Amino acid sequence: MSKDEDSRFDTRAVHAGQEPDSDTGARAPPLYQTTSYVFPDADDAAARYALDREDFIYSRISNPTVETLEDRLAALHDAPGAVATASGMAALDAITFVLAEAGDNVVCSTDTYGGTTSYLSKAASRRGIEARFVDTLDLDAFEEAVDENTAYVHLESIGNPSLVTPDFEAVADIAHEVGAPLVVDNTFATPALCHPVEHGADVVWESTTKWLHGSGTTVGGVVVDGGTFDWNAHDYPEIGGKNPAYHDIDFSDFDAPLAAAVRYRSVRTLGNQQSPFDAWQTLQGLETLGLRMQRHCENATILAEHLSDHDEVAWVTYPGLEDHPTYDNASEYLSGYGGMIAFGLEDGFEAGKRFCENVEITSFLANIGDAKSLVIHPASTTHAQLAEEEQLAAGVRPDMLRFSVGIEDPADILRDVEAAIDAATEEA
């Protein structure tokens, strides 16, 4: 057993995938800001290109700094492999590129980030891939939607922005019954709160931009191969069998087959790799992930409970409130309820917009998972491109405020929220 495998989560977040630099003794991970690597001889170069020897060729494919991040993220997920990408959406595209082709379909839960639903319905559809959206909690709908042409089934561990937690194991069984992998966006939970692979998922992806990095400075994503799916038993030509782009290479022979296919087919072809500098930045953020997630969860609970008793608040949803519709699922699958809450003001759509304009400590912007508290009004911003019925299906009410609770002192967060509510309702 390696040091990483023998360590607990917070220790892995600090140490996994990295040793002191062998040449200099530097303790911090070096930043290898290079595009390419010198080959010692022609045979070695040929062996690297043929994938007979794993070593660096070009930083669009792999890079020592990025590899350190990938190894650390794989360790945090208890997974055999991971590939870092330029963004969370790049991770989703990298997965889709190797799993789906024209004539296939993807079955996706409705409680899903608007960018994901737009990608599947408006971008993947241009490649001839059909998007099928079903109610996250309707298992019968999943069973009706999947078929022999389903490339993968997609869930979010905590829905964005509805905060619904699905029944992973039940949906995994449905996907596996038709020979499809379960793909989970674990951005809202992070591996600090949820390991989807332990509950039936085969592939995990995340936006490292959010809580994994935690400071709102660096865009990135990751694809994590759970190592659980038998790609040879089903029709996935990019992963099982001789790969059409590599002579005599069968990625199912690799320890992490999906990760290998994503690296050598998606990332190498599409150029959606994470840069060395961004990976170096994200490694530093990861070191405090466990500590930060604990504080995010504590502060979110305090704010959710406070808003639940507020006269000007029409409703509030948080996975840790016992009246949340998926409280039982969240309690089973998550080790903490996350740093996101959603709520609406009694005065509705316009009051929600005014609230965003009147916060001071909290920032009004389109990100989540920062150390700072953040807020946005999805119906007029992130989900504005969806029709009203599509917004409602995604859990976006007209008055909804999506609030990413930061790690500030909770008393200051409450004071800021109270002042913004007063300003928003006085103007009504």
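T136 is found in the loop between β3 and α7, where helices (H or I, at least four residues) and strands (E, at least two) are DSSP runs numbered from the N terminus. At 3% relative accessibility, T136 counts as buried; buried means under 20% relative accessible area, exposed over 50%, and partly exposed in between (1.4 Å probe, protein chains only). The side chain of T136 makes a polar contact with the side chain of D111, at 2.5 Å. A polar contact is a pair of N or O atoms within 3.5 Å; within protein, one must be able to donate a hydrogen and the other to accept it, and residues adjacent in sequence count only if both atoms are side-chain atoms.

The structure is a predicted model, in which local features need pLDDT of at least 70 and side-chain atom pairs count only at pLDDT 80 or more, while totals for chains, interfaces and linings use all residues. Residues are numbered from 1 along each chain as its sequence is written, and side-chain values use heavy atoms, with hydrogens and water left out.

Two further buried residues have side chains that reach a backbone oxygen. S266 sits in helix α10, residues 257–270, and is buried at 0% relative accessibility. A polar atom of the S266 side chain lies 2.7 Å from the backbone oxygen of A94. Q18, in the loop between α2 and α3 (42–49), is buried with a relative accessible area of 8%. Here the partner is the backbone oxygen of R27, which lies 2.7 Å from a polar atom of the Q18 side chain. The C-alpha atoms of Q18 and A28 are separated by 8.7 Å, and these two residues are 10 apart along the chain.

Attention now turns to charged pairs. Side chains of opposite charge can pair when their charged atoms come close. A salt bridge is a side-chain nitrogen of Lys or Arg within 4 Å of a carboxyl oxygen of Asp or Glu, and by this rule the count comes to 13 salt bridges. One of them joins D78 and R12, with the closest N and O atoms 2.5 Å apart. D78 lies in the loop between α4 (64–76) and β1 (81–85) and R12 in helix α2 (residues 9–15), so the pair ties together parts that are 66 residues apart in sequence. The two partners differ in their surroundings: D78 is partly exposed at 45% relative accessibility, whereas R12 is buried with a relative accessible area of 11%.

R132 and D147 form another salt bridge, their closest N and O atoms being 2.9 Å apart. This pair links distant parts of the chain, with R132 in strand β3 (residues 130–134) and D147 in the loop between α7 and β4 (150–156), 15 residues apart. The salt bridge between the side chains of R415 and D412 spans 3.0 Å from N to O. R415 and D412 are three residues apart in helix α16 (residues 410–426), and are therefore separated by about one helical turn. R415 is exposed, with a relative accessible area of 51%, while D412 is partly exposed at 29%. Elsewhere, D44, R48, R53 and D55 are linked in a network of salt bridges.

Other charges gather without such partners. D135, D138, D140, E143, E144, E169, D173, E177, D328 and E332 form a patch of negative charge on the surface. Helices α7 (139–145), α8 (168–177) and α13 (327–333) are the elements that give two or more residues to this negative patch. Among its members, E177 is found in helix α8 and counts as exposed at 69% relative accessibility. Patches are made of residues with over 30% relative accessible area and no salt bridge, like charges being joined within 9 Å and nonpolar side chains (Val, Leu, Ile, Met, Phe, Trp, Tyr) within 5 Å. Lys and Arg count as positive and Asp and Glu as negative, with His and the chain ends not counted.

The backbone also has some features to point out. A cis peptide bond joins N160 and P161, with omega about 5°, and P161 is placed in the loop between β4 and α8. L163 is also in the loop between β4 and α8; L163 has a positive phi of about 70° although it is not a glycine, and is buried with a relative accessible area of 1%. D78, met above in its salt bridge with R12, has a phi near 55°, again a positive value in a residue other than glycine.

Key:
Accessible areas come from the Shrake-Rupley method with a 1.4 Å probe; for residues, only the protein chains shown count as cover. The place of a charge is taken as NZ of Lys, CZ of Arg, CG of Asp or CD of Glu.
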